[in-house]
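Student: Could we go through this structure together? I'd like to start with one strand and work outwards.

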Amino acid sequence: MVENKNQQSGIRARVQRFGSFLSGMIMPNIAAFIAWGIITALFIETGWLPNENLAELVGPMITYLLPLLIGFSGGRIIYDLRGGVVGATATMGVIVGADITMFLGAMIMGPLGGYLIKQVDKLFENRIRSGFEMLVNNFSAGITGAVLTIIAYLGIGPVVSGITKALGVGVEAMINAGLLPLVNLFIEPAKILFLNNAINHGILSPIAVDQAQQVGKSILFLLETNPGPGLGVLIAFMVFGKGISKQTAPGAAVIHFLGGIHEIYFPYILSKPALILAVMAGGVSGTATFAAFGAGLTSTPSPGSIFALLALTPKGNFAGVVLGVLVATAVSFIVTAIILKMGKQEEDGLTEATAKMETMKGKNSQVSNALSSQKEEEVTAEESVDRNTEEVPSVKRDKIDKIIFACDAGMGSSAMGASLLKNKFKKASIEIDVTNMAINDLPLDVDIVITHKDLTERAIRRVPGAHHISVDNFLNSPKYDELVEELKKD
């Protein structure tokens with residue numbers, strides 16, 4: 001039994017890492033997806049402001065811009081900028097070698113290009129005569145990129161094109177048979193297990209973008225991003241919950257529905273596992289409503305905020321999208337209410353569920369810490385990482401130009417932490433640049449890096465010369481006030 005449980009945990013962890021890798025190629029380019037979605041919604045023939053000339057942007061953006069950005073990001077994850085350039089070059093082969101949008105192809109060729117140029121550089125390491133470094137580096141990358149582009153054009157492009165078409169046919173068959181809503185029976189539990197990135201970015205989005213290119217919208221953009229199921233659960237806790245669950249539900253509902261951070265409702269589900277039935281019922285009913293009204297979006301809404309959904313809703317689809325969200329909310333609310341009324345609620349169930357969620361995710365969840373109104377005791381970075389961290393760095397204000405909050409994707413939790421510190425600096429009249437980014441993008445000239453304690457070691461390896469501050473909670477750390485006081489001394 002223990003061995004099977006460990007095997008299942010290992011499989012889930014591998015899928016999560018794969019999903020995180022896919023997300024790393026997509027998330028940095030979401031702004032470009034949204035830009036394409038807005039242009040599509042506005043200027044195509046059936047758009048809000050039809051314009052034949054501006055509509056010409058739609059095709060080249062989805063055919064070339066978006067796949068090239070994905071390919072570059074994939075290569076950069078493997079081998080920084082050099083890998084990104086070769087990855088993007090190789091991606092051009094699958095773009096030209098196929099007659100459909102090559103998102104899946106870009107997800108293959110980008111990382112492959114980064115990996116191969118990394119191996120080529122290892123081959124030539126310490127074997128290049130002084131003065132010939134630039135010549136060898138440029139030509140080795142150029143030749144590697146050219147060879148990969150040809151291979152992608154002749155072989156990989158047609159294969160990926162066939163796979164994508166087959167998946168599209170399968171989805172179309174499910175839609176025609178009225179079975180698409182059943183997909184939510186798998187999507188909703190997958191979200192709780194943090195497998196949503198693998199599903200959303202690895203399967204749904206490539207097919208959805210191809211559909212959107214053909215008909216201007218796709219229902220697949222709504223399957224995982226619908227905020228209705230989670231909102232219904234949180235409203236039910238607001239009405240029928242007890243203790244900390246009831247107290248924190250209103251704030252969680254705002255973060256979830258308006259902010260689009262769906263992770264915030266996961267602990268409520270885990271505190272009472274039967275509630276997975278509520279989000280499954282909500283997801284199925286919401287998707288059935290979208291399908292009944294023929295609703296869809298023009299691009300991926302990220303994060304899954306109601307504002308993002310509405311911004312990417314094409315003309316004539318607002319009724320279907322809004323009703324789908326409302327129906328999902330109502331069904332999820334009713335099922336949650338029944339389960340809560342029929343069963344016993346533990347006062348500290350949410351706290352235990354949050355810890356369980358973090359264990360499942362494999363790291364602390366910064367967003368979930370917002371659920372607790374009590375200040376947690378900080379476990380200092382120095383207790384877990386002694387090498388390059390201090391309680392609060394003893395620094396002089398005139399020598400600090402750049403402070404960066406870093407996390408896996410460079411969004412979400414690190415962005416909220418940076419915003420909090422900016423506000424504290426503003427009140428203290430401290431003018432120092434504070435920003436957020438992914439750990440892999442940290443520049444060498446950063447002065448102070450602030451990370452969650454589980455990520456500090458990675459940050460130190462990336463920029464060993466910087467001061468590193470570790471926190472348990474990006475949203476509620478005394479380290480920020482300590483840093484402000486230290487900087488105010490000068």
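Student: Which residues of E3 point one way, and which point the other way?

Tutor: Quick background: this is a predicted model, where local features need pLDDT of at least 70, side-chain atom pairs count only at pLDDT 80 or more, and totals for chains, interfaces and linings use all residues. Residues are numbered from 1 along each chain as its sequence is written, and side-chain values use heavy atoms, with hydrogens and water left out. E3 covers residues 448–452; strands (E, at least two residues) and helices (H or I, at least four) are DSSP runs numbered from the N terminus. Ile-448, Ile-450 and His-452 point one way, and the other way go Val-449 and Thr-451.

Student: How many of the residues in E3 are buried?

Tutor: Buried means under 20% relative accessible area, with a 1.4 Å probe and protein chains only. Both faces of E3 count here, since Ile-448, Ile-450 and His-452 are buried and Val-449 and Thr-451 are too. That leaves the strand mostly covered, and the tally is five of five.

Student: Where does E3 sit in the order of the sheet?

Tutor: Two strands pair if DSSP finds at least two bridges between them. E1 (residues 402–407) pairs with E3 in the parallel sense over four bridges, and Ile-404 stands opposite Val-449. On to E4 (residues 467–471): E3 pairs with this strand over five bridges, again parallel. The open sheet of four strands therefore reads, by that pairing rule, E2-E1-E3-E4.

Student: Which strands are the edge strands?

Tutor: The sheet has the order E2-E1-E3-E4. An edge strand here pairs on one side only. That description fits E2 (433–438) and E4.

Student: What is the bridge partner of His-452 in E4?

Tutor: E3 and E4 are paired in the parallel sense, and H17 (residues 456–462) joins them in a right-handed β-α-β unit. Right-handed means that, with the strands pointing away from the viewer, the path from the first strand over the helix to the second runs clockwise. As for His-452, its partner in E4 is Val-471.

Student: At which residue does H5 bend?

Tutor: H5 spans residues 133–176 and bends by about 50°. The bend is the angle between axes fitted to the seven residues ending at a residue and the seven starting there. Just after this helix, Gly-178 takes a positive phi of about 75°. The bend itself is at Ala-152.

Notes. Buried means under 20% relative accessible area, exposed over 50%, partly exposed in between (1.4 Å probe, protein chains only).
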